[in-house]
Amino acid sequence: MPTKSELHTFLRTRRSIRRFKPDPVPESVIEEILATATFAPSAHNRQPWRFVVVTDLSVKARLGKAVTDKMRADMQTEGASETDIEKRVATSLRRMDEAPVVIVLCRDKNDVRADTPEEAAMGVQSTAAAGLQLLLATHAEGLGGNWICWALYAQEETCAALNLPESWEPQAFYFLGYPDEAPKIKDRKPIKEIVKWSQTSPDV
Ligand SMILES: Cc1cc2nc3c(=O)[nH]c(=O)nc-3n(C[C@H](O)[C@H](O)[C@H](O)COP(=O)(O)O)c2cc1C
């Protein structure tokens, strides 16, 4: 069992990895990562997370096209220049192409205790907790990973490209693979700036 200090170091040394070696990731490793992700906490223990594993090149290309078509349309609506749009699209396609594994994390909209905004928020929070656990399990395997928000901007397109069940709502993509970069640890805001300890008297 690692020591307390080793565990803190492990948790603090996860980095977002955006460059991968082309080496494939064995299915058994992906399964282990996903199994660990499911040990995240979830509201009412509903476990609303769902995962889609994409390694097939043609499926990855289909997903990439669907997402970047929507990205292009959104940027055109925002009035971005064609140069900026094509640069962003090309970078996004390259990044997806270079990731040996893409995992689409969804929440099952039907897996809620009640049809209220609070329960829906709990479903999203629970699913995000599984996303973090997935990245930590990736780190434990010596792989790198990156949380990608594009799914939120192209939920319908992602569902259509992957033929997902109607109730699966894409929340994020995770690009995984063996790291081909070692990014420096990014500075964290000082604890004093972000933590307020409650005082015994409200006047203090
Ligand atoms: C909700 C969420 C969305 C993110 N979306 C993206 C993204 O679309 N593209 C990207 O390169 N990184 C994305 N990231 C990764 C962050 O940029 C990264 O976690 C942050 O810069 C801190 O760096 P670190 O993960 O190496 O500690 C996202 C992270 C979170 C939690």
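**Close-up views of a predicted model**

**Figure 1. The residue after helix 3 is glycine 79.** In this predicted model, glycine 79 follows helix 3 and has a positive phi, near 85°. Helix 3 comprises residues 57-78. Its 22 residues, at 1.5 Å a residue, should span 32 Å, and the distance of 31 Å between its end C-alpha atoms agrees with this.

**Figure 2. Helix 3 has buried residues along one face.** Leu63, Gly64, Val67 and Thr68 are the buried residues of helix 3. Viewed down the helix axis, these residues fall within an arc of 120°, so they line one face of helix 3. An α-helix has 3.6 residues a turn, so residues three or four places apart point the same way. The buried residues of helix 3 pack against strand 1, strand 2, helix 4 (82-98), helix 6 (150-153) and helix 7 (155-162). Ser58, Gln76 and Thr77, on the other side of helix 3, are exposed.

**Figure 3. Strand 2 pairs with strand 1 and is mostly covered.** Of the 8 residues of strand 2 (residues 101-108), 7 are buried. Strand 1 (residues 49-54) runs antiparallel to strand 2 and is joined to it by 6 bridges; valine 54 has valine 102 of strand 2 as its bridge partner.

**Figure 4. Strand 2 also pairs with strand 4.** Strand 4 (residues 168-177) and strand 2 run antiparallel, joined by 8 bridges. The bridge partner of aspartate 108 in strand 4 is tryptophan 168.

**Figure 5. Residues surround the ligand.** The residues around the ligand are Arg15, Ser16, Arg18, Asn146, Trp147, Ile148, Cys149, Trp150 and Lys186. Strand 3 (residues 144-148) gives the most to this shell, with 3 residues. By class, the shell has 4 nonpolar, 2 polar and 3 charged residues.

Key
Residues numbered from 1 in each chain as written. Predicted model: local features only at pLDDT ≥ 70, side-chain atom pairs only at ≥ 80, totals over all residues. Near = placed C-beta within 6 Å. Helix = DSSP H or I, 4+ residues; strand = E, 2+ residues; numbered from the N terminus. Nonpolar A, V, L, I, M, F, W, Y, C, P; charged D, E, K, R; others polar. Buried ≥ 20, exposed ≤ 12 C-beta atoms within 10 Å, placed from the backbone. Pairing = 2+ DSSP bridges. Expected span 1.5 Å × (residues − 1). Arc of directions from axis to C-beta. Contact = placed C-beta atoms within 7 Å.
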